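Please look at the sequence and the structure below before reading on. The explanation that comes after them is meant to be read with both in view.

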Amino acid sequence: MAQQTASPPATSGVMRAIAGKVWTSVFPFIVVIALWQFASLFFPRFLFPSLIDVFWRCIDIFSTGAMFWDVMATVLRILAGLGGAFIIGGLLGLIMVRSKAADKFLSPILTLFQGIPALSWVVFAIIWFHGVEFRIFFIMVMTTLPAFTFQVIGALRGMSKDLTEMVFSFRPTRLKLFRVMIAPAILPDILTAWKVNLGNAARVVVVAELVGATGGVGYQLLQQQQLFDMVGALAWTLQLVFFVLIVQGALTLIENTAFRYRAVSERAL
């Protein structure tokens, strides 16, 4: 009887918590949308168009095969570039952790790469290579490689030495060592690196497509700029925003699922 009377309040508490999280996530977007729509009442359409027009242009992009393919081309370029940079950066990070000589040699080079602007990589790629897709892949890899490498190095070096020695005392296989100790230790930093690089990649790919591609969101934004069409510029920009939000949500879901065992402090820092 006691359990039957306690369940409804517990369920309503969970529902209130979920509703609170949804409201906290959605409220900033509502404020931005309201401010933009309010501004559209007082400014010319080519400066602040109504978001209703932007919404219908987004629907047009989704429903038109050729335009939707431009969105997918940009998404695939981002994912390919991030995947390539993650694989290369992971291997470099592993080598640099295991070898001090490699660390001393590669660290200054990666730091040098970090200081080169994305637009410079675009110019280099146009001069060095012919293929459009390889140019964009090269630009994406070079702009995100240092962050992935340094994040992997930091994650590997941050593992507890005492815990490492204790695990080695059980003589685990390489696969078990990776599954039980290394993966849980480095995964939070890896996911953080993906979240940070995702936003950077979305900005860089647009620059690369602006000057070196004949399709994609960046190319379409260039067309809207030439037509002085603010509605189109916003609609194409939102395609990338939607993509980043979806992938960020997926990464957060993976993080929450993989680390649901971690204790959560009731006090804020």
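The following paragraphs go from the overall form to the interior, then to the charged pairs and the surface.

The structure is a predicted model. Its protein chain contains ten helices and zero strands, so that, by the DSSP runs used to assign these elements, the pattern along the sequence reads α-α-α-α-α-α-α-α-α-α. The C-alpha atoms occupy a box of roughly 70 × 70 × 35 Å along the principal axes. The radius of gyration of the protein chain is 23 Å, whereas a compact globule of 269 residues would have one near 18 Å. Contacts also tell how the chain is arranged: of those between residues at least 6 apart in sequence, 70% join residues at least 24 apart.

The interior may be considered next. Of the 269 residues in the protein chain, 34% are buried. The largest nonpolar core has 52 residues, and those that touch the most other members are I78, L82, I139, M140, L198, W236 and F243. At least two residues of this core come from each of α2 (51-63), α3 (65-98), α5 (118-128), α6 (132-157), α8 (174-212), α9 (217-227) and α10 (230-258). The largest share, 15 residues, is supplied by α8. Apart from this core lies another, made of six residues, including L92, M96, L106 and I153.

M140 offers a closer view of the packing. Which residues are in contact with M140, leaving aside its neighbours within four places in sequence? They are R77, I78, G81, A201, V204 and V205.

Charged side chains add a further kind of link, and the count of salt bridges comes to six. One of these joins the side chains of R57 and D229, with 3.1 Å from N to O. The two residues belong to distant parts of the chain: R57 is in helix α2 and D229 in the loop between α9 and α10, 172 residues apart. Are R57 and D229 buried or partly exposed? R57 counts as partly exposed because its relative accessibility is 25%, and D229 counts as buried because its relative accessibility is 17%; the cut-off for buried is under 20%.

A second salt bridge is formed by the side chains of E209 and R77, at 2.6 Å from N to O. This pair also links distant parts of the chain, with E209 in helix α8, R77 in helix α3, and their positions 132 residues apart. Both E209 and R77 are buried.

A third pair consists of R157 and D103, whose side chains meet in a salt bridge of 2.8 Å, N to O. R157 lies in helix α6 and D103 in helix α4 (residues 100-115), 54 residues apart, and the pair is again a link between distant parts of the chain. R157 counts as partly exposed because its relative accessibility is 42%, whereas D103 is buried, with a relative accessible area of 16%. Salt bridges with shared partners also join R77, E133 and E209 into one network.

The surface remains. The protein chain exposes about 17200 Å², of which carbon and sulfur atoms supply 71%. A nonpolar patch on the surface is formed by V14, M15, I18, V22, W23, V26, F27, I30, V31 and L35, which together have about 920 Å² of accessible area. One of these residues, M15, lies in helix α1 (residues 2-40).

Terms used:
Residues are numbered from 1 along each chain as its sequence is written. This is a predicted model: local features need pLDDT of at least 70, side-chain atom pairs count only at pLDDT 80 or more; totals for chains, interfaces and linings use all residues. Side-chain values use heavy atoms; hydrogens and water are left out. Patches are made of residues with over 30% relative accessible area and no salt bridge: like charges are joined within 9 Å, nonpolar side chains (Val, Leu, Ile, Met, Phe, Trp, Tyr) within 5 Å. Accessible areas come from the Shrake-Rupley method with a 1.4 Å probe; for residues, only the protein chains shown count as cover. A salt bridge is a side-chain nitrogen of Lys or Arg within 4 Å of a carboxyl oxygen of Asp or Glu. Helices (H or I, at least four residues) and strands (E, at least two) are DSSP runs, numbered from the N terminus. A nonpolar core is a set of buried Ala, Val, Leu, Ile, Met, Phe, Trp, Tyr and Cys residues joined through side-chain atoms within 4.5 Å. Buried means under 20% relative accessible area, exposed over 50%, partly exposed in between (1.4 Å probe, protein chains only). Contact means heavy atoms within 4.5 Å. The radius of gyration is taken over C-alpha atoms; the globule rule is 2.2 Å times the number of residues to the power 0.38.
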